[in-house]
2 protein chains.
Amino acid sequence: MQRGAIDGAAATVGPEVADAELAVVCAPVDRIADLVQQLQAVLPPTSVVTDAGSTKQSIVARVGAAAGRAEFVGGHPLAGSHRDGPEAADARLFVDRVCVVTPSESNTAKAVERVRTFWESLGMSVHTMSPAAHDEVLARTSHLPHVAAFALALSVEEADLPLTASGFRDATRLAASRPALWSAILHENRDAVLKAVDRYLERLAALREAIDEEDAVRLENLLHDAKRIRDRLGDQLGAPSGGTRL
Amino acid sequence: MQRGAIDGAAATVGPEVADAELAVVCAPVDRIADLVQQLQAVLPPTSVVTDAGSTKQSIVARVGAAAGRAEFVGGHPLAGSHRDGPEAADARLFVDRVCVVTPSESNTAKAVERVRTFWESLGMSVHTMSPAAHDEVLARTSHLPHVAAFALALSVEEADLPLTASGFRDATRLAASRPALWSAILHENRDAVLKAVDRYLERLAALREAIDEEDAVRLENLLHDAKRIRDRLGDQLGAPSGGTRL
């Protein structure tokens with residue numbers, strides 16, 4: 001409020017939001033469905049509610065179809081960082097990044113369009129897919145990298161830290177994320193996350209075996225396959241060969 | 001040569017380097033020992049040879065003690081990137097970063113000091129330890145993160161790439177490294193790398209189990225432990241709380 005970024009703040013959802021045409025719920029994933037339903041209780045049926053949660057299927061299912069109430073359309077802007085609070089605010093956070101919007105069968109085209117237009121007005125490219133498809137892909141592209149980074153940070157001794165360089169720093173950056181937030185995400189998307197982790201364990205086992213058996217040809221082939229995939233993303237955010245625009 | 005960065009280039013080690021006081025071998029780790037021995041054959045015994053390889057024990061052992069020849073003192077500047085070639089040159093690459101120097105029992109204090117002074121003149125903090133201790137720590141802080149990043153890149157479908165954000169990009173950056181270079185490093189430091197990978201697999205198994213068993217308390221505790229370690233490195237290279245200065 002001191003910065004003029006918001007007009008008001010309240011600890012609960014009350015009548016003061018009753019004239020909102022669009023409400024965006026930004027909260028830990030295990031609290032979103034509740035907040036959506038509290039909003040639906042005070043908003044007119046012509047309003048639309050969306051969210052910014054990293055999981056979609058369980059939230060969309062929990063909210064359900066609420067006939068005669070403001071529609072909920074799930075969303076997930078693929079932008080953010082491990083930092084939080086107003087100090088970490090970034091006016092260009094969403095520019096040229098991707099937002100996934102996950103309509104359910106009960107959504108009207110009009111409500112989906114309103115949510116799409118909102119994220120596009122912030123500079124995002126909007127990609128539409130089912131909640132289940134979203135959770136399956138994001139388990140691999142976001143939830144798994146978090147698990148991998150947490151495990152990597154747990155694999156060093158504190159005494160090792162002076163002998164880390166930028167590689168370790170980048171590879172573990174996601175481990176600085178908020179534990180409560182990520183515990184909830186990994187829980188909400190449990191099945192898809194376990195599938196992605198198992199897939200990762202298989203790839204690690206293949207690399208381990210090639211190292212163990214001193215099979216240089218197989219090892220180098222695996223590293224080439226990995227590099228080929230990673231190279232498609234390019235070096236920089238905002239200037240990718242395939243990573244942030246659809 | 002066009003840029004004036006070097007005075008000459010040759011494909012082999014010949015008499016043209018015979019007046020060098022200090023020779024720094026920068027090559028894939030499996031080629032370093034040979035090149036050091038070729039240099040020792042042409043340099044006077046008062047010269048010193050060092051290297052920039054990511055593994056030390058096998059190189060130091062292979063070079064051996066060469067009485068009456070230029071001394072070899074192993075080194076490893078912890079700075080670099082996944083990019084290579086003159087286009088990727090960076091005059092400040094070594095500033096405020098750590099270099100590990102790994103003297104063997106046959107090295108004189110004078111030769112070690114010459115190598116230390118060289119890296120310090122480029123702005124580095126020099127840390128001295130045994131080749132074996134270096135390989136043990138670097139397996140955890142550098143070689144393992146590469147294995148983890150290669151496996152992570154192998155765990156996504158190409159069709160997933162548009163739905164990646166900066167987290168995936170950072171977590172997999174090391175997978176863009178040169179396959180031949182890293183195949184050799186993982187081979188040369190095989191025992192320590194396998195130990196680090198096994199440690200990592202244990203941490204992943206613990207996280208997987210907590211997710212699978214929906215043990216939110218245990219999961220959040222693990223994530224907290226990981227975050228505590230990662231937070232000690234701070235956000236930025238060059239302004240760390242413990243990562244690049246000793």
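This briefing walks through one β-α-β unit of chain A and then the contact between chain A and chain B. The model is predicted, so to speak of local features you need pLDDT of at least 70, and side-chain atom pairs count only at pLDDT 80 or more, while totals for chains, interfaces and linings use all residues. Residues are numbered from 1 along each chain as its sequence is written, chains are lettered from A and ligands numbered from 1 in the order in which they are written, and side-chain values use heavy atoms, with hydrogens and water left out.

**The β-α-β unit**

- Strand E1(A) (residues 22-25), helix H1(A) (residues 29-42) and strand E2(A) (residues 48-51) form a right-handed β-α-β unit; here helices (H or I, at least four residues) and strands (E, at least two) are DSSP runs, numbered from the N terminus.
- Right-handed means that, with the strands pointing away from you, the path from the first strand over the helix to the second runs clockwise.
- E1(A) and E2(A) run parallel and are joined by four bridges (strands pair if DSSP finds at least two bridges between them).
- One of the residues involved is Val25(A), whose bridge partner in E2(A) is Asp51(A).

**Which side chains are tucked away**

- In a regular strand, side chains alternate between the two faces of the sheet.
- E1(A) does just that: Ala23(A) and Val25(A) point to one face and are buried, while Leu22(A) and Val24(A) point to the other and are not.
- Buried means under 20% relative accessible area, exposed over 50%, and partly exposed in between (1.4 Å probe, protein chains only).
- H1(A) has buried residues too, including Val29(A), Ile32(A), Val36(A) and Leu39(A).
- The buried residues of H1(A) pack against E1, E2, H2, E3 and H6 of chain A, where contact means heavy atoms within 4.5 Å.

**Where chain A meets chain B**

- The contact takes 88 residues from chain A and 88 residues from chain B.
- Together the chains bury about 8600 Å², 64% of it on carbon and sulfur atoms; that is the accessible area (1.4 Å probe) the two parts lose on being put together, summed over both.
- On chain A's side, Leu154(A), Leu163(A) and Arg169(A) lose the most area to chain B, together 10% of what that side buries.
- The interface has 14 salt bridges (a side-chain nitrogen of Lys or Arg within 4 Å of a carboxyl oxygen of Asp or Glu).
- One of them links Asp212(A) to Arg190(B), with the closest N and O atoms 3.1 Å apart.
- H7(A) gives the largest share of the side of chain A that touches chain B, 14 residues.

**A look at Asp160(A)**

- Asp160(A) sits in the loop between H4 and H5 of chain A.
- Asp160(A) is buried, with a relative accessible area of 3%.
- Apart from neighbours within four places in sequence, Asp160(A) is in contact with Val137(B), Arg140(B) and Thr141(B).
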